[in-house]
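Subject: Handing over the structure

Hello,

Here is the structure I promised to pass on to you. Please open it alongside this email, and then read on for what turned up in it.

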Amino acid sequence: MRKYKDVDVGFNDGRRISNIQRRKCFAIIGEIAEYIEGYRTEQTMEDTKEMLKMEFVLHRMQAMERKMFSLSDVSMSTASEFIDFLIEFCVKNDIPMKISPLEYCEDIAKYIIACLYSRKCAICGKPADIHHCEGSKIGAGNNRDEVHHLGRKVLPLCRVHHDEAHHDEKGFIDKYHLQTITLDKDLCKKLKLKE
């Protein structure tokens, strides 16, 4: 009767945040609080948690879900997205973590894409080159600026990990539980790579 042109439909996954997810959230928030404030207390943790939740709600949540949440009873899906957001926040802002972000990831592909954008090694966080994986390698003597990258499989790796990957790529990917990223038009554009 109101003649709406657009309607948002949402799905409630029915599951609540797991204890593992909650521990991941608080561990990452603690790392961020310690980096921002220089120390970690209950108050700095609480302030940092609220600031990060607000940032997440405003910029990452869909319109229907856009409301504050509690880490005591949020849905498992939202908790997973929040963990990925926290990891991306750390990558973008050069926040050092005592444990590799790969240990916290809910979605490894999102983490690797964040590392690609920031040109950070997916394993250690140091400045990274783009490693072209098996089947996507660029031969010696070719100008990387002139080669088309669209459809190539890549990983962001520092020089040390890049060299390690060249010795046994499959073993390397298995060892670090990595996932290669296939460059699409959007990624090529954002990374300023020739399509």
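Below is a short tour, going from the overall layout to a few places to look at.

Please keep in mind that this is a predicted model.

**The overall layout**

The protein has 8 helices and 3 strands. If you start at the N terminus, the order of the elements is α-α-α-α-α-β-β-α-α-β-α. Of the 195 residues in the protein, 42% are buried. Taking the contacts with a separation of 6 or more, 62% of them are between residues 24 or more positions apart. The surface that the protein exposes comes to about 11,900 Å², and 51% of it is supplied by carbon and sulfur atoms.

**The aromatic rings**

How many aromatic pairs does a search of the whole structure find? The search finds 7. Two of them share Phe69 and are good places to begin.

In the pair of Phe56 and Phe69, the ring centres are 5.8 Å apart and the planes stand at 85 degrees, so this pair is edge-to-face. Planes over 60 degrees apart are what counts as edge-to-face here. Phe56 belongs to helix 2 (residues 42-59), while Phe69 sits in the loop between helix 2 and helix 3 (76-92), so the pair ties together parts 13 residues apart in sequence. Both Phe56 and Phe69 are buried.

Phe69 also pairs with Phe82, again edge-to-face, with 5.4 Å from centre to centre and 80 degrees between the planes. Because Phe69 is in the loop between helix 2 and helix 3 and Phe82 is in helix 3, this pair too ties together parts that are 13 residues apart in sequence. Phe82 is buried, as is Phe69.

These rings belong to one aromatic cluster, formed by Phe56, Phe69, Phe82, Phe85 and Phe89.

**Ile32 in helix 1**

Next, find Ile32, which has its place in helix 1 (residues 19-37). Is Ile32 buried or exposed? Its relative accessibility is 0%, so Ile32 counts as buried. Apart from neighbours within four places in sequence, Ile32 is in contact with Thr48, Leu52, Leu86, Phe89, Cys90 and Ile95. One of these, Phe89, is a member of the aromatic cluster described above. Ile32 and Asn93 are 61 residues apart along the chain, and their C-alpha atoms are separated by 9.7 Å.

**Helix 6 against helix 7**

Further along the chain, helix 6 (residues 159-167) packs with helix 7 (residues 169-176) at an angle of about 125 degrees, and their axes are 5 Å apart. Helix 6 and helix 7 are therefore oblique to each other. Which residues make the contact? From helix 6 they are His161, Glu164, Ala165 and His167, and from helix 7 they are Glu169, Phe172, Lys175 and Tyr176. Sorted by class, this contact has 3 nonpolar, 2 polar and 3 charged residues.

His161, in helix 6, is worth a look of its own. With a relative accessibility of 11%, His161 counts as buried, because the cut-off for buried is under 20%. Leaving out residues up to four places away in sequence, His161 touches Cys121, Ile123, Cys124, Phe172 and Tyr176. Phe172 and Tyr176 are also among the residues with which helix 7 makes its contact with helix 6.

I hope this helps you find your way around.

Best wishes

Notes
Residues are numbered from 1 along each chain as its sequence is written. This is a predicted model: local features need pLDDT of at least 70, side-chain atom pairs count only at pLDDT 80 or more; totals for chains, interfaces and linings use all residues. Side-chain values use heavy atoms; hydrogens and water are left out. Axes are lines fitted to C-alpha atoms, for helices over the stretch in contact, and angles run from 0 to 180 degrees between N-to-C directions. Helices (H or I, at least four residues) and strands (E, at least two) are DSSP runs, numbered from the N terminus. Angles under 35 degrees count as roughly parallel, over 145 as roughly antiparallel, 65 to 115 as roughly perpendicular and the rest as oblique. Contact means heavy atoms within 4.5 Å. Ala, Val, Leu, Ile, Met, Phe, Trp, Tyr, Cys and Pro count as nonpolar, Asp, Glu, Lys and Arg as charged, and the others, Gly among them, as polar. Buried means under 20% relative accessible area, exposed over 50%, partly exposed in between (1.4 Å probe, protein chains only). Accessible areas come from the Shrake-Rupley method with a 1.4 Å probe; for residues, only the protein chains shown count as cover. Rings of Phe, Tyr and Trp (its six-membered ring) pair if their centres lie within 6.5 Å; planes under 30 degrees apart count as stacked, over 60 as edge-to-face and the rest as tilted.
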